[in-house]
Amino acid sequence: MSQSTRTSKTAGRKTALPSRSKKSTSAASAASAKAGQPKKSLPGTAAIGEDAIAMLKADHKVVEGLFKRFEKAGDSAFGVKRRIVTDVIAELTRHAYIEETLFYPTARKAAPDTAEHVLESVEEHHVVVWMLSELADTDARDERFDAKMAVLMENVRHHVEEEEKEWFPLVRKAMNRTALRELGARMQAAKSDAPSDPLALRSAVA
Ligand SMILES: [Fe+2]
Ligand SMILES: [Fe+2]
């Protein structure tokens, strides 16, 4: 993407930001409100869902599966690769949304020793969401398409490894199983509030 395109996109973002941040806040509270829907809770108890960390790891596996399919697709399988990238954009945007709005803030509060990891993770999301936005606008026949995807995969694999190996274990230690399942229920409910535009994520302007 040219610098001018990037600048105009960034400028466009600025005008849209206030309503977006409002949406994120209301999305988080809506998520809490909806958290009781999948399983009925007794009055005064929080909803219990899948363990939040297990849920995020399952998402990571889905994305890795898409990456493997992309790597196996032939050089000229333009249609196949375009569809895979569309799925990658949707999966990673939804995943980053629930991490940024629910998991990261809760993890940082529960395990203060993760603060630096969380901050670094948001910066990594920042790079990834801009790459996703560029991939959305890049034709699969463009010579830069495979190169952009290769760099995106490197970035995401590095990010996932750090999350799973370096700091998710600290969160698991700090939060008990019930708390992780309550968080998982809120994250599950919030998935439907995720934006489709990766640049609508908080980290896009981090
Ligand atoms: Fe992440
Ligand atoms: Fe993640």
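This is a short talk on a predicted model of a protein chain with iron ions, going from the overall fold to the metal site and then the pockets.

Okay, hi everyone. Let me start with the fold. The protein chain has six helices and zero strands, and from the N terminus on the elements simply read α-α-α-α-α-α. There are 206 residues in the chain, and buried ones make up 42% of them. If you take the contacts with a separation of 6 or more, 82% come from residues 24 or more positions apart. Keep that in mind, as the iron site gives us an example.

So, the iron site. Which residues coordinate the iron ion, ligand 1? We have E99 through OE, Y104 through OH, H125 through NE2, H159 through NE2 and E163 through OE, at 2.1 to 2.4 Å. Written as a sequence pattern, the donor residues are spaced E-x4-Y-x20-H-x33-H-x3-E. E99 lies in helix α3 and H159 in helix α5, so this pair ties together parts of the chain that are 60 residues apart in sequence. Are E99 and H159 buried or exposed? Both are buried.

E99 has another job in the geometry: it bridges ligand 1 and a second iron ion, ligand 2, and the two ions lie 3.3 Å apart.

Now let me zoom in on one donor, H125. You'll find H125 in helix α4, and it counts as buried because its relative accessibility is 6%, with under 20% being the cut-off. Its side chain makes a polar contact with the side chain of H159, at 3.0 Å; both of these histidines are on the donor list for ligand 1. Beyond its close sequence neighbours, meaning those within four places, H125 is in contact with A96, E99, E100, Y104, H159, E163 and S203.

One name there deserves its own minute, and that's E100. E100 sits in helix α3 and is buried, at 7% relative accessibility. What joins the side chains of E100 and H125? A polar contact of 2.7 Å. E100 also has a polar side-chain atom 3.4 Å from the backbone nitrogen of R202. If we leave out residues up to four places away, E100 touches P105, H125, L201, R202 and S203. For anyone who likes C-alpha distances, E100 and S121 are 9.4 Å apart in space and 21 residues apart in sequence.

Next door in sequence to H125 we have H126, also in helix α4. Is H126 buried or partly exposed? Partly exposed, with a relative accessible area of 22%. Its contacts outside the four-place window are S203, A204, V205 and A206. From H126 to A96, 30 residues away along the chain, the C-alpha separation is 9.9 Å.

One more histidine: H95, in helix α3. H95 is buried, at 6% relative accessibility. Its side chain has a polar contact with the side chain of H60, at 3.1 Å. Away from its sequence neighbours, H95 touches L56, D59, H60 and E163, and E163 you'll remember as a donor to ligand 1.

Last topic, pockets. The largest pocket has a volume of about 230 Å³. Its lining counts 18 residues, with H60, L92, V156, H159 and V160 lying nearest the centre. So H60, the polar partner of H95, turns up here, and so does H159 from the iron site. Which helices feed that lining? α2 (52-72), α3 (78-110), α4 (115-136) and α5 (145-174) each supply at least two residues. By class, you get nine nonpolar, five polar and four charged residues.

The second largest pocket comes in at about 160 Å³. Its lining is E100, Y104, P105, R108, V118, L119, V122, E123, R202 and S203. There's E100 again, and Y104, which is a donor to ligand 1. Helices α3 and α4 each give at least two residues to this lining, and the classes come out as five nonpolar, one polar and four charged.

To wrap up with one picture to take away: E99 bridges the two iron ions, and E100 makes a side-chain polar contact with H125, itself a donor to ligand 1. That's me done, thanks!

Notes:
Residues are numbered from 1 along each chain as its sequence is written. Chains are lettered from A and ligands numbered from 1 in the order in which they are written. This is a predicted model: local features need pLDDT of at least 70, side-chain atom pairs count only at pLDDT 80 or more; totals for chains, interfaces and linings use all residues. Side-chain values use heavy atoms; hydrogens and water are left out. On a 1 Å grid over the protein atoms alone, a cavity is a set of points where a 1.4 Å probe fits but cannot get out, and a pocket is an open set with protein on both sides within 12 Å along at least five of seven lines; lining residues have an atom within 4 Å of a point. Grid points are joined across faces, edges and corners, and a volume is the space filled by probe spheres set on the points. Helices (H or I, at least four residues) and strands (E, at least two) are DSSP runs, numbered from the N terminus. Ala, Val, Leu, Ile, Met, Phe, Trp, Tyr, Cys and Pro count as nonpolar, Asp, Glu, Lys and Arg as charged, and the others, Gly among them, as polar. Buried means under 20% relative accessible area, exposed over 50%, partly exposed in between (1.4 Å probe, protein chains only). A polar contact is a pair of N or O atoms within 3.5 Å; within protein, one must be able to donate a hydrogen and the other to accept it, and residues adjacent in sequence count only if both atoms are side-chain atoms. Contact means heavy atoms within 4.5 Å. Donors are N, O and S atoms within 2.8 Å of the metal (3.2 Å for Na, K and Ca); water is not among the atoms, so sites may look incomplete.
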